[in-house]
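Dear colleague,

I am handing over the structure below, and my notes on a pair of helices and on a pocket follow it.

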Amino acid sequence: MVIREIREEDNKSIERVIRQCLTEFGANREGFAWADPELSTLSNAYSKESTKYWVVENEGDILGGCGIAPVKELKGTCELQKMYLLPEARALGVGQKLMDLSLDFAKEHYELCYLETLKSMVSANKFYKKNGFKELEEPLLKTEHFSCDAWYVKKLI
């Protein structure tokens, strides 16, 4: 498996992966990444300064990805976004490599990293805590992901 930056030709594949994962966890509706307008053009959305999205590729198939982008309303804060892996890419260390890559990039540009998720994604929540994210009682701010019920933050400096 190879982790690399997203390219335009990856857009449809990573959208399919994200939608499959969201469906798996019952998040295939408004209030989650499912309804994000940029979901079909992630290579564009992450082409701006201080943003990046990586995909996991195996023999030409996209199996997952993860991105970092600024939280515009909170200076010095980024968000770990759209971190999803298909079942066949889980528990192989790929998620940790994606996380390490994302946080290393984030440290170059931000002081704080935020994320929103679902409590029902039990393994993901354990993974975030293992990587030093602290659980919050409420979101840092109101976002279009109003259906999320778990929020985390990590100091990067």
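Helix H3 passes helix H4 in a right-handed crossing, meaning that the near helix is turned clockwise from the far one by less than a right angle. This is a predicted model, in which local features need pLDDT of at least 70 and side-chain atom pairs count only at pLDDT 80 or more, while totals for chains, interfaces and linings use all residues. Residues are numbered from 1 along each chain as its sequence is written, and side-chain values use heavy atoms, with hydrogens and water left out.

H3 and H4 (DSSP runs of H or I, at least four residues, numbered from the N terminus) pack at an angle of about 45°, their axes lying 12 Å apart. That makes H3 oblique to H4, a term for angles that are not under 35 degrees, over 145 or from 65 to 115. Where they meet (heavy atoms within 4.5 Å), Gly95, Gln96 and Met99 of H3 face Phe127, Tyr128 and Lys130 of H4. By class, this contact has three nonpolar, two polar and one charged residues, where Asp, Glu, Lys and Arg count as charged, Ala, Val, Leu, Ile, Met, Phe, Trp, Tyr, Cys and Pro as nonpolar, and the others as polar.

With regards

How values were computed: Axes fitted to C-alpha atoms, helices over the stretch in contact; angles between N-to-C directions. Helix = DSSP H or I, 4+ residues; strand = E, 2+ residues; numbered from the N terminus.
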